[in-house]
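Subject: Handover of a structure, with notes on helix packing and internal space

Dear colleague,

Please find below the structure that I am handing over to you. My notes on helix contacts, pockets and cavities follow it.

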Amino acid sequence: MASRALAHCVRSIARASARLNEGNALTRSARASLVSTHRAISLMSCSQGTRWTELMRISGPSVQLCRHYGDLPPLTLESIHDRVMYVLKLYDKINPEKLQKASHFMKDLGLDSLDQVEIIMAMEDEFGFEIPDAEAEKLMTPAEIVQYIADKKDVYE
Amino acid sequence: MSRSDVLSLYRRVLRIARSWQSQSALPQDTDTERKYIVQEARTLFRQNLKITDPESVKRYIEECDARIEIGLHYRNPYPKPSYLPPMGLATQKGRKLRAQERLRKQAKPLYLQSHDET
């Protein structure tokens, strides 16, 4: 008795929302949640088969559960490389013309170990994760930095 | 006591500067103090770059440690000022000047070693 009343209410809501055209994810998700709830009820009142087919038809092609999470866009090797180069160009002790992908900080660009520490700190700030000391001492070219960040962030090659 | 120790000390100072909050909690004070910490670390580390004998290196490392600890404890990155030693003001004549200089050098605290007061 209560199930029949509930089924009636659900059916009317679903019919009203079916008149709206697709496009809004909210109604789609609402319909999807409705579909999941009244799928259970349809088992109970399968005697009214004719009326349920309408709902099944609606729900058939367009059951898409949409959930939106907040996250940064996924990193690619290109984007990591661009960002690393951008940060390095902003550093005032580096000559932007001489900067290549494989230019060594100490040998080619004439920087110091203190400068290298500062550069790695700037990279940490840029990408938002910490680089431990032991690893940070070994990163001497931009290519190595890109490789390390790609390793840490699981970016496909 | 080695190169990597000094570098990790530098990194530690920079990391402290990244997350520093001033005691007054005003944003412009926090900003000023962060910039001060970075700038001070840079100048002092560069100034003492060429020193090679192990005693001085050890003393400068201890100085850096002392300044970090004092700064974190008092929430104040500026060096703590200290008094002149007693009988520390003399004239420009020879003997007393030398005694004064010796006395001042002895009385200078550890965390002010890199600073050069007249």
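In these notes, two residues are in contact when they have heavy atoms within 4.5 Å of each other. Please bear in mind throughout that this is a predicted model.

**Helices H4 and H5 of chain A**

By that definition of contact, Ile80(A), Arg83(A), Val84(A), Val87(A) and Leu88(A) of helix H4(A) meet a set of residues in H5(A), namely Ile119(A), Ala122(A), Met123(A), Glu126(A) and Phe127(A). Sorted by class, this contact comprises 8 nonpolar and 2 charged residues, with no polar ones. Two packed helices are described by the angle between their axes and the distance between the axes. Helix H4 of chain A covers residues 77–90, and its axis comes within 10 Å of that of H5(A), with a crossing angle of roughly 130°. H4(A) is therefore oblique to H5(A). The crossing of this pair is right-handed.

**Helices H1 and H2 of chain B**

In chain B, helix H1 (residues 3–18) and helix H2 (residues 27–47) have axes that come within 8 Å and cross at roughly 165°. Angles over 145 degrees count as roughly antiparallel, and H1(B) and H2(B) are therefore roughly antiparallel to each other. H1(B) passes H2(B) in a left-handed crossing. On the H1(B) side, the residues in contact are Val6(B), Tyr10(B), Val13(B), Leu14(B), Ala17(B) and Arg18(B), and they meet Arg34(B), Ile37(B), Val38(B), Ala41(B), Arg42(B) and Phe45(B) of H2(B). This contact holds 9 nonpolar and 3 charged residues, and no polar ones.

**A helix pair across the two chains**

H5(A) also meets H2(B): the two axes come within 11 Å and cross at roughly 155°. This angle makes H5(A) roughly antiparallel to H2(B). H5(A) passes H2(B) in a right-handed crossing. The residues involved are Leu114(A), Asp115(A) and Glu118(A) from H5(A), and Arg42(B), Phe45(B) and Arg46(B) from H2(B). Of these, 4 are charged and 2 nonpolar, while none is polar.

**The largest pocket**

Rolling a probe the size of a water molecule over the atoms shows where empty space is left. The largest pocket encloses about 770 Å³ of space. Its lining consists of 34 residues, and those nearest its centre are Val6(B), Leu9(B), Phe45(B), Tyr60(B) and Cys64(B). Which helices supply at least two residues each to this lining? They are helix H5 (113–127) of chain A and, from chain B, H1, H2 and helix H3 (54–74). H3(B) gives the most, with 10 residues. By class, the lining of this pocket divides into 23 nonpolar, 6 polar and 5 charged residues.

Two of the residues nearest the pocket centre, Val6(B) and Phe45(B), also take part in the contact of H1(B) with H2(B). Phe45(B) appears again in the contact of H2(B) with H5(A).

**Cavities**

How many cavities of 30 Å³ or more does a search of the whole structure find? The search finds 3. The largest cavity has a volume of about 50 Å³. Its lining is made up of Arg67(B), Ile70(B), Gly71(B), Asn76(B), Pro77(B), Tyr78(B), Pro79(B), Lys80(B) and Tyr111(B). These residues divide into 5 nonpolar, 2 polar and 2 charged.

With kind regards

Technical notes: Residues are numbered from 1 along each chain as its sequence is written. Chains are lettered from A and ligands numbered from 1 in the order in which they are written. This is a predicted model: local features need pLDDT of at least 70, side-chain atom pairs count only at pLDDT 80 or more; totals for chains, interfaces and linings use all residues. Side-chain values use heavy atoms; hydrogens and water are left out. Axes are lines fitted to C-alpha atoms, for helices over the stretch in contact, and angles run from 0 to 180 degrees between N-to-C directions. Helices (H or I, at least four residues) and strands (E, at least two) are DSSP runs, numbered from the N terminus. Angles under 35 degrees count as roughly parallel, over 145 as roughly antiparallel, 65 to 115 as roughly perpendicular and the rest as oblique. A crossing is left-handed if the near helix is turned anticlockwise from the far one by less than a right angle, and right-handed if clockwise. Ala, Val, Leu, Ile, Met, Phe, Trp, Tyr, Cys and Pro count as nonpolar, Asp, Glu, Lys and Arg as charged, and the others, Gly among them, as polar. On a 1 Å grid over the protein atoms alone, a cavity is a set of points where a 1.4 Å probe fits but cannot get out, and a pocket is an open set with protein on both sides within 12 Å along at least five of seven lines; lining residues have an atom within 4 Å of a point. Grid points are joined across faces, edges and corners, and a volume is the space filled by probe spheres set on the points.
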